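Reader: I should like to go through this structure with you, one topic at a time. May we begin with a single residue of your choice?

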Amino acid sequence: TDCSGTTPVCNTTTNTCRACTADSECSGFGPGVCMYHQDGRCASDAETIVVTTGGTLPTSVPSGKRLLVVRGSVSGTIAWTLSSPQMSIVGQSTGTLTGTGSTSTLRVSGGDLYVRALTITGGSPGVWADTGAILRLDHDSVSNNASGGILLDGAGFDIKNTTVSGNAAANGDAGLRIQNAPTSSTVPKSLALSSISGNSNGGVSCASGTAALLTTLPSDVFVSGNSGVAITTSCGFTSCTPASATCGAQP
């Protein structure tokens with residue numbers, strides 16, 4: 001009870017308070033989500049929107065909310081234009097977001113969006129990030145979408161520990177498509193420890209000249225079993241092999 005705010009966890013060895021590092025450390029407090037990707041606080045109910053199986057997704061972010069928790073399987077789409085501060089989406093109880101098939105399941109325009117532990121399926125494409133946005137995917141699954149899995153169209157990105165699989169193709173879309181470089185040189189441009197497999201029309205596709213936008217060319221992305229070209233040469237990197245603790249998405 002002595003620990004709160006951005007140091008909510010008691011280290012009983014040193015008798016000091018520290019930031020949380022896992023959701024389990026926030027059990028029984030608010031929605032049970034550790035915001036370790038921000039400042040290490042346990043999220044509060046006041047800042048959280050919770051949508052459970054059969055519930056309705058918000059069409060925009062209500063004032064004062066910084067976290068959407070998706071519990072179970074929720075049908076619908078998210079199309080948000082964000083500004084500061086960063087907005088987060090966290091899946092719980094096998095959190096799954098299923099789109100309608102006629103538009104992207106998750107689309108972000110502007111602002112900074114962090115998504116963790118969520119399955120994104122049923123869209124066209126699954127995830128679409130537009131110019132001016134920053135998309136951060138962490139331990140997500142983007143699977144069984146039409147018109148590709150992830151489309152990065154001028155957005156900054158930080159994608160790690162994410163699986164992109166079984167996505168169909170239309171209009172040249174692949175599992176992961178880097179369509180245009182971000183207009184800002186200061187946004188993140190990182191792809192790491194991810195697995196891209198079983199997608200139609202290729203695994204990773206990069207428009208000409210976009211390889212230079214990657215801050216560091218990845219050596220730990222596993223690309224396998226995709227129809228067509230696994231990774232277009234314009235992406236500037238090759239797949240690691242075999243899948244292991246240092247190659248591909250991790251549990």
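Author: Let us take Thr 94, which is found in strand E6. Strands here are DSSP runs of E with at least two residues, numbered from the N terminus. This is a predicted model, in which local features need pLDDT of at least 70 and side-chain atom pairs count only at pLDDT 80 or more, while totals for chains, interfaces and linings use all residues. Residues are numbered from 1 along each chain as its sequence is written, and side-chain values use heavy atoms, with hydrogens and water left out.

Reader: What is the phi of Thr 94? And is Thr 94 buried or exposed?

Author: Its phi is near 55°, a positive value in a residue that is not glycine. Most residues other than glycine have a negative phi. Thr 94 counts as exposed because its relative accessibility is 67%; the limits are under 20% relative accessible area for buried and over 50% for exposed, with partly exposed in between, using a 1.4 Å probe and protein chains only.

Reader: And Asn 201, where is that?

Author: Asn 201 sits in the loop between strand E18 (195-197) and E19. Asn 201 also has a positive phi, near 65°. With 42% relative accessibility, Asn 201 counts as partly exposed.

Reader: Which peptide bond is cis before Pro 85?

Author: The bond from Ser 84 to Pro 85 is cis, and its omega is near 0°. Pro 85 belongs to the loop between E5 and strand E6 (87-98). A cis peptide bond also joins Thr 241 and Pro 242, with omega about -10°. Pro 242 lies in the segment after strand E20 (222-224).

Reader: Let us turn to the sheet. How many strands form it, and in what order?

Author: Six strands form an open sheet, in the order E5-E7-E10-E13-E16-E19, and their pairing is parallel. Two strands count as paired if DSSP finds at least two bridges between them.

Reader: Why is one side of E5 and of E19 left without a neighbour in the sheet?

Author: E5 (78-81) and E19 (204-206) stand at the edges and have a single partner strand each, so one side of each has no neighbour in the sheet. From one strand to the next, the twist averages 10°; axes are lines fitted to C-alpha atoms, and angles run from 0 to 180 degrees between N-to-C directions.

Reader: How many bridges link E16 and E19?

Author: Strand E16 (residues 176-180) pairs with E19 in the parallel sense over three bridges. Ile 178 has Cys 206 in E19 as its bridge partner.

Reader: Now the interior. How many residues are in the largest nonpolar core?

Author: That core has 42 residues, and those with the most contacts inside it are Leu 68, Ile 89, Leu 113, Ile 150, Leu 152 and Val 204. A nonpolar core is a set of buried Ala, Val, Leu, Ile, Met, Phe, Trp, Tyr and Cys residues joined through side-chain atoms within 4.5 Å. A second, separate core of six residues includes Val 33, Met 35, Val 69 and Val 90.

Reader: What does Ile 150 touch?

Author: Leaving aside residues up to four places away in sequence, the contacts of Ile 150 include Val 127, Leu 135, Leu 137, Val 142 and Ile 159. Val 164, Gly 175, Leu 176 and Arg 177 are also among them. Contact here means heavy atoms within 4.5 Å.

Reader: On to the cysteines. How many disulfides are there?

Author: A search of the whole structure finds five disulfides, each being a pair of cysteine sulfur atoms within 2.5 Å. With the bonded cysteines counted along the chain, the pattern is 1-2, 3-5, 4-6, 7-8, 9-10. Cys 10 is in no disulfide, and the nearest cysteine sulfur, that of Cys 3, is 4.6 Å away. Cys 10 is partly exposed, at 46% relative accessibility.

Reader: Which residue is joined to Cys 3?

Author: Cys 3 forms a disulfide with Cys 17, the sulfur atoms being 2.1 Å apart. The link is left-handed, with -80° about the S-S bond. Cys 3 lies in the segment before strand E1 (9-11) and Cys 17 in strand E2 (residues 16-18), so the pair ties together parts 14 residues apart in sequence. Cys 3 is buried at 15% relative accessible area, whereas Cys 17 is partly exposed at 34%.

Reader: Is the disulfide of Cys 240 and Cys 247 left-handed or right-handed?

Author: The torsion about its S-S bond is about 90°, so that disulfide is right-handed. Its sulfur atoms are 2.0 Å apart, and both Cys 240 and Cys 247 are buried.

Conventions: Helices (H or I, at least four residues) and strands (E, at least two) are DSSP runs, numbered from the N terminus.
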